[in-house]
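Reader: I am new to reading protein models. Could we go through this one together, step by step?

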Amino acid sequence: MNALLPNTTAVTVHQIARPDGFPTAAHFRFVEAPPPEPARGTALVENLYWSVDPYHREMMDAEFALDAPLEGRTLGRVVASRTPELPEGTVVFHRRGWRTHAVVGPEETHILPDLPGVPLSAHLGLLGGTGLTAYVALTRIAPLRGGEDVFVSGAAGGVGTAVGRFARLMGAGRLVGSTGSPAKAAYLTERADYDEVFDYRKGPVADLLARAAPNGVDVFVDNVGGDHLAAAVGALRERGRIVRVGTISQYNRPDTPPVRFDHADFVNKSLRMEGFLVRDHTHVRDELYTFAASLLRDGRLVSDETIVVGFERIVEAFVSMLGGANIGKMIVEAATRAQTRT
């Protein structure tokens, strides 16, 4: 038992098998142990919030080691420190997630700025990797110009809602989205700044997009791939841009055939397509804070979140997120944190 945290149990989540298709609770195991002791130059963090993200599913196929703690974006408070760079009480972002306690070094953490009036969970959403993905997509990969029309696939997810919120604040013209249910479509048009949203289950995506955006679009932010990408290529106007963020449509279907589209459109319409990894753009984080923090504080920018309380529900939250149960960013909150807030 960690002498600094008597009577405390640390819990980690291990992946114990490779899924063939959609993952289930049987692919994971919760493991209990005493909290780890921080070595010199490190600190022990008690985690408060965990991010569950679509990219985890892709990593389950090969990149996550079996029978070992999973990684993930996490916010936690330093409870025992053996480095002056991480004082006790400091709240940090790190990637040793899917566990209640983690030993981290200063080089693998980001000390959160003091932003009064901004919810802590926003640092996993609009101010975290999710928001940074949306911000980089609209400012670096396919810089959005005022009045341009934007189409977003997977529009009800964390990145999709963030793209909609940011694009509206950046002066976008029409915002068009796709999602997987009428309820989500209604949420996006009534509460999340989208002009037109279609349920992709209602017919061929190309036909649905043509009705939602009869005059075409200028920018496509793609979280889905597949037939959404093919439809967008046809709908893009001259000098249109595609930002490839993810390929959710294939994560649980590894045998899905490659997307087919008219490659001549890229020449005839001078189109451009580019993908990126948000980890290559962490230097933009302070710019994101400058853009978004004050807007969050005064209510002009809203975080779209689905909060699941209790670390013991993290696998449930992950599986339900892959099944489309969330609106906005899916976040797991420690039960003790929820009790403190109430």
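Reader: Are F261 and F266 buried or exposed?

Author: Happy to start there, and keep in mind that this is a predicted model. Buried means under 20% relative accessible area. F261 falls in that class, and F266 does too, so the word for both is buried.

Reader: What kind of aromatic pair do F261 and F266 form?

Author: Look at the two rings: their centres are 5.7 Å apart, and their planes make an angle of 45°. Planes under 30 degrees apart count as stacked and those over 60 as edge-to-face, with the rest called tilted. The pair of F261 and F266 is therefore tilted.

Reader: How many aromatic pairs does the structure hold, and which residues form one that is stacked?

Author: The structure holds 11 aromatic pairs. In one of them the ring centres are 6.0 Å apart with 25° between the planes, and that pair is stacked. Its members, both buried, are F151 and F198.

Reader: How many residues apart in sequence are the parts that F151 and F198 tie together?

Author: Find F151 in strand 8 (residues 150-152) and F198 in strand 10 (residues 196-199). The pair links these two strands, so it ties together parts whose separation in sequence is 47 residues.

Reader: Which residues form one aromatic cluster?

Author: Here you can look for three rings grouped together. The members of this cluster are F28, W98 and F318.

Reader: At what angle do helix 2 and helix 3 pack?

Author: Two packed helices are described by the angle between their axes and the distance between the axes. Helix 2 covers residues 129-141 and helix 3 residues 158-169, and their axes are 8 Å apart. Helix 2 is oblique to helix 3, at an angle of about 50°.

Reader: How many residues in the contact of helix 2 with helix 3 are nonpolar?

Author: Helix 2 brings T130, G131, T133, A134, Y135 and L138 to the contact, and helix 3 brings G158, V159, A162, V163, F166 and A167. Among these residues of the contact, no charged ones occur and 4 are polar. The number of nonpolar residues is 8.

Reader: How far apart in space are P19 and D61?

Author: P19 sits in the loop between strand 1 (10-15) and strand 2 (28-33), and it is buried, with a relative accessible area of 8%. Leaving aside neighbours within four places in sequence, P19 is in contact with H27, R57, M60 and D61. P19 and D61 are 42 residues apart in sequence, while their C-alpha to C-alpha separation is 6.9 Å.

Conventions. Residues numbered from 1 in each chain as written. Predicted model: local features only at pLDDT ≥ 70, side-chain atom pairs only at ≥ 80, totals over all residues. Heavy atoms only, no water. Axes fitted to C-alpha atoms, helices over the stretch in contact; angles between N-to-C directions. Helix = DSSP H or I, 4+ residues; strand = E, 2+ residues; numbered from the N terminus. Parallel < 35°, antiparallel > 145°, perpendicular 65-115°, else oblique. Contact = heavy atoms within 4.5 Å. Nonpolar A, V, L, I, M, F, W, Y, C, P; charged D, E, K, R; others polar. Phe/Tyr/Trp six-rings, centres within 6.5 Å; stacked < 30°, edge-to-face > 60°. Buried < 20%, exposed > 50% of the residue type's maximum accessible area, 1.4 Å probe, protein only.
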